[in-house]
Structures are given as C-alpha cells and as structure tokens.
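Me: I am new to this structure and would like to understand how the terms used to describe it are justified. Could you take me through them one by one?

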2 protein chains.
Amino acid sequence: MASTQKILELNAFDMTRSGGLDPAVADLVARRRKAFGPTSMLFYERPLNLVRGEGVWLLDEDGTRYLDAYNNVPSVGHCHPRVVEAVARQMGQLNTHTRYLYDSIYTYSERLLATYPSGLSNIVYVCTGSEAVDLALRIARATTGGTGVIVTENAYHGNTTAVTEVSPASASSEPRGAHVFLVPAPDSYRLGLEEASKAFNRAVEAALATMQARGIRPAAMVIDSILSSDGVYPGTVGFLAEAAESVRAAGGLYIADEVQPGFARTGDTMWGFARHGMIPDIAVMGKPMGNGFPMGGVVVKPALLEAFGAHNGYFNTFGGNPVAAAAGMAVLDALAEDGLGENARATGAYLAVQLTALAHRHEVIGDVRGRGLYLGVEMVRDKASREPDRAAAVRAVNGMRARNVLVGTAGRHGNILKIRPPLCFKREHADQLVAALDGALSAATGGAGA
Amino acid sequence: MASTQKILELNAFDMTRSGGLDPAVADLVARRRKAFGPTSMLFYERPLNLVRGEGVWLLDEDGTRYLDAYNNVPSVGHCHPRVVEAVARQMGQLNTHTRYLYDSIYTYSERLLATYPSGLSNIVYVCTGSEAVDLALRIARATTGGTGVIVTENAYHGNTTAVTEVSPASASSEPRGAHVFLVPAPDSYRLGLEEASKAFNRAVEAALATMQARGIRPAAMVIDSILSSDGVYPGTVGFLAEAAESVRAAGGLYIADEVQPGFARTGDTMWGFARHGMIPDIAVMGKPMGNGFPMGGVVVKPALLEAFGAHNGYFNTFGGNPVAAAAGMAVLDALAEDGLGENARATGAYLAVQLTALAHRHEVIGDVRGRGLYLGVEMVRDKASREPDRAAAVRAVNGMRARNVLVGTAGRHGNILKIRPPLCFKREHADQLVAALDGALSAATGGAGA
C-alpha cells in the first residue's frame with residue numbers, strides 16, 4: 001500500500017495528483033484507484049503503462065522501449081521463449097499438485113538440489129518468497145524451541161504476518177515483537193569493508209547476548225545474502241559464515257534468504273551464501289525461480305524437515321505443481337544455455353567499473369558496490385560528508401526513467417540506487433544505463449557533474 | 001507433511017512401505033522421499049502417477065483414466081483450452097507486477113468485483129488462498145484494534161504461521177493462541193438443519209462473551225461459506241448473516257473464506273456467502289481463481305483497505321501480474337460460456353439425489369449433504385448410532401480409486417467423503433461416481449449393501 005517498503009516511498013506516483021498525465025494513462029490510474037484503493041503504490045512520478053516485455057526491454061503503449069535494470073523476477077529475460085514454451089506445453093498437459101506422483105517435479109528437484117551443498121538436500125515447494133520465509137521461520141521455531149529472530153535493520157523478507165514482523169523495511173501498525181532483534185547492515189562505505197563485517201558480527205554477538213539476558217531462546221538469523229533492501233552490501237568473503245557460527249552456537253538456525261541474490265545473480269555462484277563458504281540450515285527462494293511463474297522453495301537439511309514434519313502439517317496447493325516444475329526447469333536450462341551466471345559476473349564487473357568512473361565525475365555518487373548484476377549506487381550530499389541524499393536518488397530514478405532506463409532505490413534512507421536487471425543484460429545495456437544516469441545527474445545539477 | 005490436515009491423515013500412502021508397488025511407481029516414490037523427506041504426504045494406499053489431465057479426467061502412465069471428483073483447483077476443467085491459451089499468450093507478451101500500469105488487471109478487477117455486492121469494491125491480489133487469509137487477518141487486526149478470531153473446530157484456512165494458528169485442522173506443534181476461539185460446525189446430521197444453525201449461532205455468541213470476559217477484543221470471524229474441512233455443512237439460508245451480525249456488534253469483522261465454495265461451485269451463487277443474503281467485510285479467494293495458475297485475492301470494503309494502507313505496507317510481487325489477470329479472465333469467460341454455475345447447480349442436485357438413493361441401500365452412508373458440486377457423504381458405523389466411521393471412509397476412498405474415481409475425506413473424524421469435482425462434471429460422471437461408490441461399499445461389506 002502506501003509504503004510496503006519505506007525505502008521505496010518516494011519513488012512513487014502521487015495518487016492525489018489529477019492533472020498532467022496523458023489521458024490514456026490518467027484513465028488507467030483512475031481505474032486502478034477505484035479497484036485497488038488510494039494506498040496501492042505505483043512506481044515513478046510519471047507511471048509506466050506497459051504492454052510488452054522482451055529480454056531486457058519493456059515497451060509502453062506508445063512503443064517506447066525502456067531498458068529494464070530493475071526487475072529481477074524475469075531473471076533470464078522478459079518472456080524468455082524457453083519458459084513461455086515450457087509453461088504453455090505443461091499447462092495443456094497436466095496441472096495438479098504434489099499429493100500425486102509426477103516425474104517432472106522430482107527431476108527438477110534433483111537438478112535444483114544439485115546446485116546446493118550436499119547437506120541441504122530436501123525441498124518444500126511454495127508459491128512465493130514470502131511463503132518460503134514464513135515456512136522457514138515455522139521450521140526454525142519448531143525445531144529449535146526458540147522464538148528469537150535476528151534480522152538487519154532495513155531487512156525485507158516478505159509480506160505475511162509472521163514475515164512482516166521480521167521485515168523492518170515494511171510499514172506496519174503492529175509494534176515489533178520482543179523476540180525480533182535488529183543488527184545494522186555492514187556499511188562498507190562508511191566503515192570500510194573489513195571493519196563493516198567485524199561490526200556486523202559484533203552486533204550479532206550482542207543481539208544473542210541480549211536474547212540470553214532476556215531469557216529468549218534464538219530460533220534463527222535470517223539474512224538476505226546480498227543485503228538488498230539494506231542497500232546492497234556484499235561484505236567480506238566469509239563474514240556471514242562467522243555470523244552463522246555464532247547463531248548456531250547459541251542454538252539458532254541460519255536461514256539464507258536467496259530470493260534476491262539466488263539463481264546466479266551475484267555472478268560468482270548460484271547462491272549468495274556460497275561466496276561465504278558456508279552451508280545455511282535453510283535457504284529460501286522466490287522471485288526469479290520461475291521467471292514470473294509464481295513459485296518459491298525452502299531448501300532444508302533433512303533432519304530439520306523430518307523433525308518439523310513429525311508434528312506439523314504443511315501442504316501448499318499450487319507449490320511445486322507440474323507447471324511450476326516446467327517453469328523452474330526452463331529457468332535452469334536458460335541460465336546454463338545462455339551462460340547467464342558468467343554474463344552476470346562479467347557484465348556486472350564491467351558495469352561496476354563504468355559506474356565507478358562516473359562517480360569520479362559526480363559529487364553525489366558516494367559509493368558503487370555489489371556483486372554480479374546486483375549493484376548499489378549510493379547517493380550522498382557530497383563525498384566529504386557522505387550524508388545520505390534521498391532526494392538525489394529519487395531525482396536520479398525519475399531522471400533515468402525519463403531517459404528510458406528503469407532502476408529503483410533501496411536502503412534505510414532510500415538513497416541507494418538499486419540496479420538488478422535481467423541477467424541477459426550486456427555491455428551495451430550497461431553503457432546505456434551509465435549514460436542515462438550521467439544525463440539524469442547532469443540535468444539535476446544543471447551541468448556536466450562535478 | 002505427515003498430516004497437513006489431520007482429517008486427511010488416513011487417506012495416505014505409507015511412506016515406510018517398500019514392496020508391492022509397480023517398479024516405476026516405486027522408483028518415483030523413492031525419488032520423492034529423497035527430495036521431499038519422509039513426512040510429505042501422498043494420497044491413496046496406492047499412489048497415483050499422473051501424466052495427463054483433460055476436463056474431468058486424469059490419466060496415469062498406463063493410460064488409465066480416472067474420473068476426478070476431488071480437485072477443485074481446475075474448476076473449469078483440467079487444462080481448459082481457454083485458460084491454457086490465455087496464459088500462453090500473455091506469458092509471451094508481458095509479465096511484470098502491479099507497480100506499473102497495465103490495462104488487463106483493471107478490466108479483470110472490474111469484471112470480478114461486479115460479481116460481488118457493491119460495498120465490496122476493492123481488491124488486493126496475492127498468490128494463494130493462504131496469503132489471502134493472512135492479509136485479511138492483518139487488515140482485520142489493524143482496523144479493529146482487536147486480536148480475537150473465531151473459527152470452526154475443524155477449520156482449515158491455509159498454511160502460513162498466522163493462518164495455521166486459526167486452522168485447527170492442521171497439525172501444529174505450536175499451542176493454540178489464547179486469542180483463537182473455536183465454534184462447532186452446524187452438524188445438521190445429528191442436530192437437524194434448523195437446530196444446528198441455532199447451535200452454531202449460540203456458540204458464536206458464547207465465544208464473543210468469553211472474549212469479552214477475558215478482555216480480548218474481537219478482530220474477526222473467519223468462516224468457509226460451505227464449511228468444507230469441517231465436513232461440508234451448507235446450513236440454513238441466512239445463518240451466517242446472523243453470525244456476522246453478532247461479530248460486528250462486538251466490534252469484529254466477518255471474513256468469508258471463499259477459497260473452496262467460490263467461483264460458482266455451490267451452484268446457486270457465484271460466492272458461498274451470497275446464499276445467506278449478507279455482505280462480508282472481507283472475502284478471500286484462492287484455488288479455482290486461475291484454474292491452477294497460482295493466484296488469490298482479498299476483496300474488501302474500501303474504508304477498511306484505506307485505513308489499513310495508511311499505516312501498513314503490502315506488496316505482492318507476483319500477485320495480480322499480467323498472466324494472473326489473463327488466467328483469471330479466462331476462468332470467468334469459461335464459467336460463463338460453459339454455463340458452469342448452472343451445471344454445478346443441476347448436476348450437483350442430480351448427484352445428491354443419486355447419492356441419497358444409494359444411502360438407502362448402504363447402512364454406512366449416514367448422510368448426504370452439500371450445495372452444487374460440493375457434496376459431503378458421511379460414513380457411519382450404522383444409521384442408528386450415527387457413530388463416525390473413519391475406516392469406512394478411507395476404505396471407500398481407496399475402493400473408489402481402485403474403480404478409477406477420485407474423491408477425498410473431510411471432517412474432524414475423517415469420516416466424510418468430500419466430493420468437489422471440476423464444474424464440467426456431468427450426469428454421466430455423476431452416475432459413474434455413484435456406481436464406483438456402490439461397488440466400493442459392496443466389496444467392503446462383501447455384498448450388495450444393507
């Protein structure tokens with residue numbers, strides 16, 4: 001509604017605005033408002049009316065092509081023919097549920113689980129990342145007997161009641177539960193890479209100590225392996241392994257939220273946690289898993305799932321249905337055939353270099369960071385103060401949209417440009433994005449930058 | 001897992017069993033066990049290995065055709081060409097999310113909301129019935145300031161943490177919260193139709209009084225309009241309107257769970273609550289909404305949604321995406337073009353008559369009830385005692401499966417056959433179902449019945 005993620009609040013159309021829109025767009029906005037109510041959020045000062053998607057492109061009703069550097073759901077590319085064909089074929093053949101046998105879901109499970117470390121060998125299918133995190137929390141609480149959960153200060157893990165509780169980035173009228181403990185993301189920009197990771201791990205230790213002092217047993221720490229909503233912080237290699245060890249020593253589980261970094265987005269590895277040389281107790285997947293077909297999954301150590309399942313029921317009607325299996329398999333095929341992991345690594349590295357060069361010419365770009373095709377560009381008042389500049393980020397997002405390039409914002413202060421395009425994003429697209437950001441920043445400052 | 005719904009526990013394959021299966025099936029079971037763990041439930045003593053679906057039919061690997069009288073997700077028929085084509089076309093065109101404008105989601109919303117009473121005019125899209133109930137509870141709690149929830153004794157409303165709490169049919173290691181109050185379903189078989197409805201409403205009043213005595217403010221009553229998991233109890237016309245008034249008088253909301261009865265299944269009306277001449281504050285939809293494409297929805301009074309949205313964020317990545325809009329629209333088209341509401345009414349009435357005739361010949365059939373194509377057949381030790389007979393129900397389900405007809409069980413005692421086929425189920429299918437039940441019961445008793 002008004003502010004699912006507080007971080008996005010400002011990159012929104014003002015629903016109380018009446019004039020200035022193209023009549024066709026104004027009509028859609030009015031119909032939307034009537035059906036969805038006034039608090040449902042729409043991106044951009046000038047909303048986009050979309051009619052087509054293809055690869056890294058989105059097209060509006062006028063045929064204008066937008067370079068999509070925002071959407072991580074169509075991860076192998078908008079309307080990837082392999083996924084479209086697989087879904088169409090399976091939809092026409094069989095679509096039931098996992099209480100019957102069908103070969104394809106086991107074949108898909110075997111292929112998917114083979115990308116995980118060998119200890120993580122069971123899977124439960126769900127329909128969304130939110131359902132996945134919700135179930136992971138249920139498993140953690142049931143198997144540890146604990147309730148305490150550690151998350152980062154601006155974490156967003158999903159939208160159910162239980163997951164909203166551990167998603168401080170979401171606006172919620174419910175007070176945060178006494179069992180939820182927040183730790184700051186590793187702010188490598190202000191603390192330096194090494195110290196940021198150390199500070200993060202000291203904060204985890206402190207949260208565990210506070211829990212113990214208050215008689216709260218830890219259930220889990222839930223961390224997005226690239227800390228997306230906090231502002232994109234890859235951190236030092238291994239820092240999450242250290243955090244996981246602390247949590248386990250205190251009796252809790254480590255849940256890796258791979259909804260955003262997973263499926264090769266970070267380039268180096270299929271899963272974000274793998275860069276840290278660690279094995280989580282549970283990993284959750286969502287968004288890109290079916291390239292837009294709604295599916296999610298919980299990968300879990302068998303002993304945990306068996307212990308949970310002995311006393312708890314769980315069935316998900318649509319989860320892992322034959323069409324989900326087909327979509328998921330097509331995504332794995334496309335990732336491999338199109339070389340998207342390697343492209344994420346190479347194009348991501350190229351884009352980071354170009355953005356870093358741009359930062360030298362614009363005083364407002366304080367930091368460029370990320371892994372693969374998940375990058376954050378931190379906008380600040382000036383490089384000396386490093387003061388977060390939310391308004392500059394919102395201007396940049398809307399300025400880039402005016403230049404037909406789509407990005408979003410992230411972070412507690414909403415001042416970090418979030419760049420996470422479909423993984424078929426190439427060098428020429430990176431160049432277009434950098435030129436659009438350059439143009440937007442130059443226009444905003446009335447010149448060619450600092 | 002072992003027992004998502006305790007009611008289904010016995011209609012399950014024994015995963016510890018090793019021999020006696022066809023080698024191909026045994027191989028699938030072994031692969032399933034390896035990927036899903038030992039507590040994931042599989043239907044039937046002899047699991048089904050499915051490869052095709054069409055209309056009311058499911059086909060296994062040998063080409064055996066099963067008459068599907070269980071699955072309510074493929075509500076307009078397995079692999080309905082209209083839905084297959086709509087999903088395939090839209091998948092190839094555009095699949096984003098509701099933070100951009102696209103015409104089709106508003107057109108679909110307008111058509112769908114037109115089937116609701118005029119006061120229920122806002123919609124939030126989600127991906128599953130569970131997500132819908134979870135959000136409905138969040139809205140109810142945020143807008144009433146209450147926490148108390150009334151549900152029936154064997155209700156099943158979904159699988160998230162918050163929804164499992166109000167789903168006593170689900171096995172859960174968590175103790176039931178002090179804010180959850182149970183009322184018995186209106187057992188028309190044992191109390192008579194009128195008295196059952198009265199008893200239900202007395203129980204609702206009593207629950208509200210207990211809440212008040214304990215200082216708990218009511219947030220909502222959540223009722224499946226056909227009381228599916230309790231054992232299929234349509235009740236007297238209007239009895240739910242009375243319950244809703246009681247809850248509202250105490251400050252709570254009435255949430256109609258239309259996941260099972262909705263989309264014309266009950267024949268008389270598009271929505272189960274409509275039969276009672278009442279307007280719920282919130283209605284939730286799931287299963288049949290996209291005929292297998294994962295989608296759900298929360299229809300809500302605008303004032304409630306606006307009050308919720310002012311202080312709470314909610315965004316659902318896949319909810320209401322362009323493919324969901326296409327699938328949902330195709331379902332509405334198929335319902336209208338194929339005359340499925342009228343068929344549900346007529347064929348359901350015919351089937352109820354045939355089953356009632358069968359009941360006269362079998363001592364174990366205690367009661368036949370339902371609306372449209374949602375029927376319950378209650379299995380008892382004998383007609384005099386009316387003692388629930390779970391074993392007889394499980395034998396009947398497996399005996400019917402052996403005769404190529406698929407049904408399930410429901411109810412606290414697991415003794416009620418649950419019949420809810422795709423809505424294109426015709427008289428000849430009804431005849432086949434009745435013959436299969438007759439055969440199964442006759443074989444079980446070693447004769448032609450009582």
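The exchange below sets values from the model against the definitions behind the terms.

Reply: Please keep in mind from the start that this is a predicted model.

Me: What makes β4 and β6 of chain A the edge strands of the sheet?

Reply: The sheet of chain A is an open one of 7 strands, in the order β4-β10-β9-β8-β7-β5-β6, with mixed pairing. β4 (122-126) and β6 (180-183) of chain A each pair on one side only, and they are the edge strands. Neighbouring strands in this sheet are turned against each other by 20° on average, direction ignored.

Me: How do you know that β5 and β6 of chain A pair?

Reply: Two strands pair if at least two bridges are found between them, and strand β5 (residues 148-152) of chain A is joined to β6(A) by 4 bridges, the two running parallel. Within this pairing, Val151(A) has Leu182(A) of β6(A) as its bridge partner. Helix α7 (residues 193-213) of chain A packs on the sheet and touches β5, β6 and β7 (218-224) of chain A, its direction making about 160° with that of β6(A).

Me: Which strands pair with β9(A), and in which sense?

Reply: With strand β8 (residues 253-257) of chain A there are 3 bridges, and the strands run parallel, whereas with strand β10 (residues 296-300) of chain A there are 4 bridges in the antiparallel sense. Set against the requirement of at least two bridges, both counts, 3 and 4, qualify as pairing. Ile282(A) takes part in both, being the bridge partner of Ile255(A) and having Val300(A) as its bridge partner in β10(A). From strand β9 (residues 282-285) of chain A, Ile282(A) and Val284(A) point one way and Ala283(A) and Met285(A) the other way, and all are buried.

Me: Why are α1(A) and α3(B) called oblique to each other?

Reply: Helix α1 (residues 23-36) of chain A and helix α3 (residues 103-113) of chain B pack at an angle of about 40°, with their axes 10 Å apart. Angles under 35 degrees count as roughly parallel and those from 65 to 115 as roughly perpendicular; about 40° fits neither class, and the two helices are therefore oblique. Their crossing is left-handed. The contact involves Leu28(A), Arg31(A), Arg32(A) and Ala35(A) of α1(A), together with residues of α3(B) including Tyr106(B) and Glu110(B), and its residues divide into 4 nonpolar, 1 polar and 4 charged.

Me: Why, then, are α2(B) and α10(B) called roughly antiparallel?

Reply: Helix α2 (residues 81-91) of chain B packs against helix α10 (residues 322-337) of chain B at an angle of about 160°, and their axes are 8 Å apart. Angles over 145 degrees count as roughly antiparallel, and with about 160° the pair therefore earns that name. α2(B) passes α10(B) in a right-handed crossing. Among the residues making the contact are Val83(B) and Val87(B) of α2(B) and Ala326(B) and Ala330(B) of α10(B), and the residues of the contact divide into 12 nonpolar, 1 polar and 3 charged.

Me: How many residues of the two chains are in contact, and what kinds does chain A supply?

Reply: In chain A, 84 residues are in contact with 84 residues of chain B, where contact requires C-beta atoms within 7 Å. Several elements of chain A each supply at least two residues of that side, including α1, β4 and α9 (302-311). The side of chain A that touches chain B divides into 43 nonpolar, 30 polar and 11 charged residues.

Conventions
Residues are numbered from 1 along each chain as its sequence is written. Chains are lettered from A and ligands numbered from 1 in the order in which they are written. This is a predicted model: local features need pLDDT of at least 70, side-chain atom pairs count only at pLDDT 80 or more; totals for chains, interfaces and linings use all residues. Axes are lines fitted to C-alpha atoms, for helices over the stretch in contact, and angles run from 0 to 180 degrees between N-to-C directions. A crossing is left-handed if the near helix is turned anticlockwise from the far one by less than a right angle, and right-handed if clockwise. Ala, Val, Leu, Ile, Met, Phe, Trp, Tyr, Cys and Pro count as nonpolar, Asp, Glu, Lys and Arg as charged, and the others, Gly among them, as polar. A residue is buried if 20 or more other C-beta atoms lie within 10 Å of its own, exposed if 12 or fewer, and partly exposed in between; C-beta atoms are placed from the backbone.
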